[in-house]
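Reader: I should like to learn how to read the surface, the overall form and the charge pairing of a model. Would you take me through one case, feature by feature?

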Amino acid sequence: MIAKMFDKAIKDYETIEDGYNRMSIENEIKRNEIKSKIEEQSKRFDKKRKRN
């Protein structure tokens, strides 16, 4: 009976950890998208500044 409780606790922990890892990956993707957008905007700004 105790072994069953430990098995359930381990499975619950694994699902929580999987969810956390998935969130971390999603946050990393969002961070990279924002970073690339900022870089694009700065390149455009630099081009406009060079023209003037």
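**Reading the model**

Author: Let us begin with the surface. Ile2, Phe6 and Ile10 make up a nonpolar surface patch whose accessible area is about 340 Å² together. Please note that the model is predicted.

Reader: Where is Phe6 found, and why does Phe6 count as exposed?

Author: Phe6 belongs to helix α1, which covers residues 2-51. Exposed means over 50% relative accessible area; Phe6 has 54% relative accessibility and therefore counts as exposed.

Reader: How many helices and strands does the chain have, and how should its overall form be read from the radius of gyration?

Author: The secondary structure consists of one helix and zero strands. For the form, one sets the radius of gyration against that of a compact globule: 52 residues would give a value near 10 Å, but the chain has 23 Å. The principal axes add to this picture, since the C-alpha trace spans about 75 × 5 × 5 Å along them.

Reader: What share of the residues counts as buried, and what supplies the exposed area?

Author: Of the 52 residues, 2% count as buried. The chain exposes about 5500 Å², of which carbon and sulfur atoms supply 57%.

Reader: How are the charges of the chain placed, and how many salt bridges does the structure hold?

Author: The general idea is that side chains of opposite charge can pair when their charged atoms come close. Here the chain carries 15 positive and 11 negative charges, with mean positions 12 Å apart. The structure holds four salt bridges. One of them joins Lys8 to Asp12, with 3.1 Å between the closest N and O atoms.

Reader: How far apart along helix α1 are Lys8 and Asp12, and is each exposed or partly exposed?

Author: Both residues lie in helix α1, four residues apart, which is about one turn of the helix. Lys8 is exposed, at a relative accessible area of 51%, whereas Asp12 is partly exposed, at 36%.

Reader: Which residue meets Glu40 in a salt bridge, and which one pairs with Arg49?

Author: Glu40 meets Arg44, with an N to O distance of 3.7 Å. These two are four residues apart in helix α1, so about one helical turn separates them. Glu40 is partly exposed, with a relative accessible area of 44%. Arg49 pairs with Asp46, the closest N and O atoms again being 3.7 Å apart. Arg49 and Asp46 lie three residues apart in helix α1, about one turn. Arg49 counts as exposed at 54% relative accessibility, and Asp46 as partly exposed at 31%.

Notes:
Residues numbered from 1 in each chain as written. Predicted model: local features only at pLDDT ≥ 70, side-chain atom pairs only at ≥ 80, totals over all residues. Heavy atoms only, no water. Patch = residues over 30% accessible without salt bridge, like charges linked within 9 Å, V, L, I, M, F, W, Y side chains within 5 Å. Areas by Shrake-Rupley, 256 points an atom, 1.4 Å probe, with all protein chains shown as cover. Salt bridge = Lys/Arg side-chain N within 4 Å of Asp/Glu carboxyl O. Buried < 20%, exposed > 50% of the residue type's maximum accessible area, 1.4 Å probe, protein only. Rg over C-alpha atoms; globule rule 2.2 N^0.38 Å. Lys, Arg positive; Asp, Glu negative; His and termini not counted. Charge placed at Lys NZ, Arg CZ, Asp CG, Glu CD.
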